[in-house]
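Me: I'm new to reading protein structures and would love a close look at one part of this one. Could you walk me through it step by step?

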Amino acid sequence: MMEFWLISVPLDKISCQSLEKLKRVTAKSGLATSSRFPVPELKVGTLDVLLGVSDDLSRLDSYTEGVMRQTSQCLGEVMEEFSGKLLESMLTNGEHKTNQKGRQPPLKSYFQTVQVDLATYVTRFQWDRAKYSTAQPLKTLTEIISKQVSQVDTELKSRRAAYSHLKASIQSFERKTEGSLQTRALINIVKKEDLVLNSEYLTTLLVVVPRSVMAYALWEKTYESMSKFVVPRSSRKLVEDADAGIFTVTLFKCVISEFKANAKNHKFTVREYNPDEAEKQKLEMGRLAVDKKELYRTFLCWLKVNFSEIFVAWIHVKVLRTFVESVLRYGLPVSFQAVLLQPSKKSMKQLRQQLNSLFKHLDPAALTGKPDVGLEIPDGSAGQQEYYTYICYPIKIHLVDPS
């Protein structure tokens with residue numbers, strides 16, 4: 001997981017000095033990397049509008065992150081089903097062909113590549129004026145992003161349901177071809193050449209015989225005499241598993257009932273088998289496999305595109321929140337500086353302490369001797385959020401990798 005902190009402080013003299021000190025301290029100690037973060041000039045509107053948009057953006061932030069994680073999880077689940085050359089051929093921007101020894105699994109490698117791409121987008125962020133015109137009011141921009149995320153959420157559920165339904169249909173067919181020879185479908189076992197077809201008088205039965213030397217011997221000894229009109233030496237073993245074997249036998253259609261009754265007395269089971277129905281099932285299985293392959297390709301493409309789109313929307317939400325909160329906290333005219341920090345994983349607590357110390361002057365309460373720590377305050381439906389004297393929004397890039 002990669003984590004960034006998008007912070008904002010006013011452009012007063014003390015804060016500017018604190019920012020310069022922060023850059024020196026972080027660079028020297030390795031606490032974090034820091035860079036200026038471009039926040040566009042946006043329409044401010046009235047105080048009531050700002051307060052309303054602030055609440056809306058808080059909810060939208062959580063909602064967008066949730067949809068993004070669902071899309072990431074679905075992407076991982078779909079890609080996990082495929083491996084080897086098929087998966088490698090579908091990796092974004094391809095894979096470097098290196099020796100197999102020591103190589104990471106393609107899925108893990110893919111997620112790492114995506115994570116780097118997303119981090120690069122954050123560090124090189126530029127406001128997308130084509131999608132989100134800065135001439136639009138804040139409320140309108142919020143509604144545009146909200147509608148975009150909602151559409152992806154709705155389509156994700158629909159596409160995921162369709163993909164799951166198709167998978168379930170295939171799995172249902174596959175389950176029928178597994179298990180005991182007493183019950184499993186025989187479409188992948190019996191071939192047309194194993195049967196007498198299109199005969200007015202003759203037919204072929206499929207008989208399950210328990211797998212043992214005695215049972216097999218009993219079958220060979222008795223099958224020709226279980227009824228009249230059994231074709232001599234017509235029995236052939238097609239397949240066997242740990243418990244039984246399936247044998248063919250050819251006889252006249254008029255004695256089927258008599259043969260079945262006598263077979264049952266010997267603890268042999270005659271399986272019902274319809275060649276035409278088996279052929280239909282085989283064709284249906286093939287059609288479902290083709291459908292799944294095509295649906296996989298289109299679904300995977302849709303997931304990749306929309307995951308990126310949702311991530312971009314999410315970062316724009318973070319920027320909107322930074323702007324709105326900066327105006328609400330620091331007042332008009334708009335005058336603040338946004339900075340992007342990427343904390344060292346082992347130094348987050350130390351960095352937080354440094355920030356609290358550098359910008360404690362922004363909170364009058366801090367001057368009364370209260371501790372410089374984050375306080376938990378209610379934040380609408382987004383749950384509890386840390387409050388600091390400076391504005392800070394975390395950006396955690398954590399892809400759901402099922403492997």
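Me: Which strands does helix 8 lie across, and at about what angle does helix 8 run to strand 10?

Reply: Happy to help! Keep in mind that this is a predicted model. Helix 8, residues 275-330, lies across strand 1, strand 7 (336-343) and strand 10, and its angle to strand 10 is about 170°.

Now look at the sheet itself. Strands 2, 7, 1 and 10 form an open sheet of four strands, in the order 2-7-1-10, and the pairing is antiparallel. Because strand 2 (32-36) and strand 10 (391-397) stand at the edges with a single partner strand each, one side of each has no neighbour in the sheet. From one strand to the next, the twist averages 20°. For strand 10, you can follow the pairing with strand 1 (residues 2-10), which is antiparallel and covers seven bridges. One spot to find is Ser-8, whose bridge partner in strand 10 is Ile-391.

Helix 8 and strand 10 also meet us again at a cavity. Searching the whole structure turns up one cavity of 30 Å³ or more, and the largest cavity has a volume of about 60 Å³. Its lining takes at least two residues from each of helix 2 (47-80), helix 8 and strand 10, with helix 2 giving the largest share, three residues. Among the lining residues you can pick out Met-68, Arg-69, Ser-72, Phe-307, Phe-311, Lys-396 and Ile-397. By type, the lining divides into six nonpolar, two polar and two charged residues.

Key. Residues are numbered from 1 along each chain as its sequence is written. This is a predicted model: local features need pLDDT of at least 70, side-chain atom pairs count only at pLDDT 80 or more; totals for chains, interfaces and linings use all residues. Side-chain values use heavy atoms; hydrogens and water are left out. Two strands pair if DSSP finds at least two bridges between them. Axes are lines fitted to C-alpha atoms, for helices over the stretch in contact, and angles run from 0 to 180 degrees between N-to-C directions. Contact means heavy atoms within 4.5 Å. On a 1 Å grid over the protein atoms alone, a cavity is a set of points where a 1.4 Å probe fits but cannot get out, and a pocket is an open set with protein on both sides within 12 Å along at least five of seven lines; lining residues have an atom within 4 Å of a point. Grid points are joined across faces, edges and corners, and a volume is the space filled by probe spheres set on the points. Ala, Val, Leu, Ile, Met, Phe, Trp, Tyr, Cys and Pro count as nonpolar, Asp, Glu, Lys and Arg as charged, and the others, Gly among them, as polar.
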